[in-house]
Amino acid sequence: MGVIFAKTAKGQEEFVSRSGGLSPRVRRVLILVDGRRTVSELRELVAADDLTHTLGSLEELGMIEVCQSPSAASQEPMDRLPSITAFRELPEARNAKELDMARNFMINTLKNFCSLYGPISLMSHINSADSHENLRDLYPEWYRLIVESRSGRRRAEDLRNDLLKVL
C-alpha cells in the first residue's frame, strides 16, 4: 500500500464545473484521483514524468488531500499511518555501512521535510538504533511525519523507495 489521495470538496466541484482553469493533463490526474488508487497505480495510468509535481500542485490548490484507506483505519490507531513497507530480506552478514546510510537518510529527510525541532525524539531514537530491525520499528513514525509535512508529502513515495533500498 502506498500514499493515497482523494478529492476534496473543492476538487469535486472542479470535477463537475471545470471552473479552476486546469490544463487537460492536470484535470485528467484529478479525475483519476479517487481515494483508492495509490500514487504508484496512478503513475501506471498517467504517462507523465511529473506526476509528483502535478499531485503537489493539486494539493496546494486544495483539490486533493492524502487520505487513509478504510481497511487501514480500522486496523491502526488514528494517529499512526499503517506501515506500507515491503522490507527486503536482510543478509546473514549485516552491512554496517547500509545501517549508517539508512540512519543518516532518515535523520536528514526529517530535518529537510519536517521542522528541525519537532521530531527531535524520533531523530534521537533513529540515531541510537543499533540494528536494521530497530530502524524498521521506527519506520512507521518516520513515514507518518514525512507524509504529514507539506513538502515531504509530494516526495513520500520516492523517499520511501530510496530508504527501503538500504533498510
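How much area does the chain expose, and what share of it do carbon and sulfur atoms supply? I got about 9,300 Å², with carbon and sulfur atoms supplying 50% of it (Shrake-Rupley, 1.4 Å probe; for residues, only the protein chains shown count as cover).

Note to self: this is a predicted model, where local features need pLDDT of at least 70, side-chain atom pairs count only at pLDDT 80 or more, and totals for chains, interfaces and linings use all residues. Residues are numbered from 1 along each chain as its sequence is written, and side-chain values use heavy atoms, with hydrogens and water left out.

Next I looked up the fold. I found 9 helices and 2 strands (DSSP runs numbered from the N terminus: H or I of at least four residues, E of at least two). Along the sequence they read β-α-α-α-α-β-α-α-α-α-α.

Then I checked a helix pair. Helix 1 (residues 9-17) packs on helix 2 (residues 24-32) at about 120°, axes 10 Å apart (axes are fitted to C-alpha atoms over the stretch in contact, angles run from 0 to 180 degrees between N-to-C directions). That makes the pair oblique (neither under 35, over 145, nor 65 to 115 degrees). On the helix 1 side I see Gly11, Glu14 and Phe15, meeting Arg27, Leu30 and Ile31 of helix 2 (contact: heavy atoms within 4.5 Å).

Last, I picked Arg103, in helix 6 (residues 96-113). Arg103 is buried at 13% relative accessible area (buried is under 20%, 1.4 Å probe, protein chains only). Beyond four places in sequence, Arg103 touches Ile126, Asn127, Ala129, Asp130 and Leu135. Chain-wide, 44% of the 167 residues are buried.

Definitions and conventions. Buried means under 20% relative accessible area, exposed over 50%, partly exposed in between (1.4 Å probe, protein chains only).
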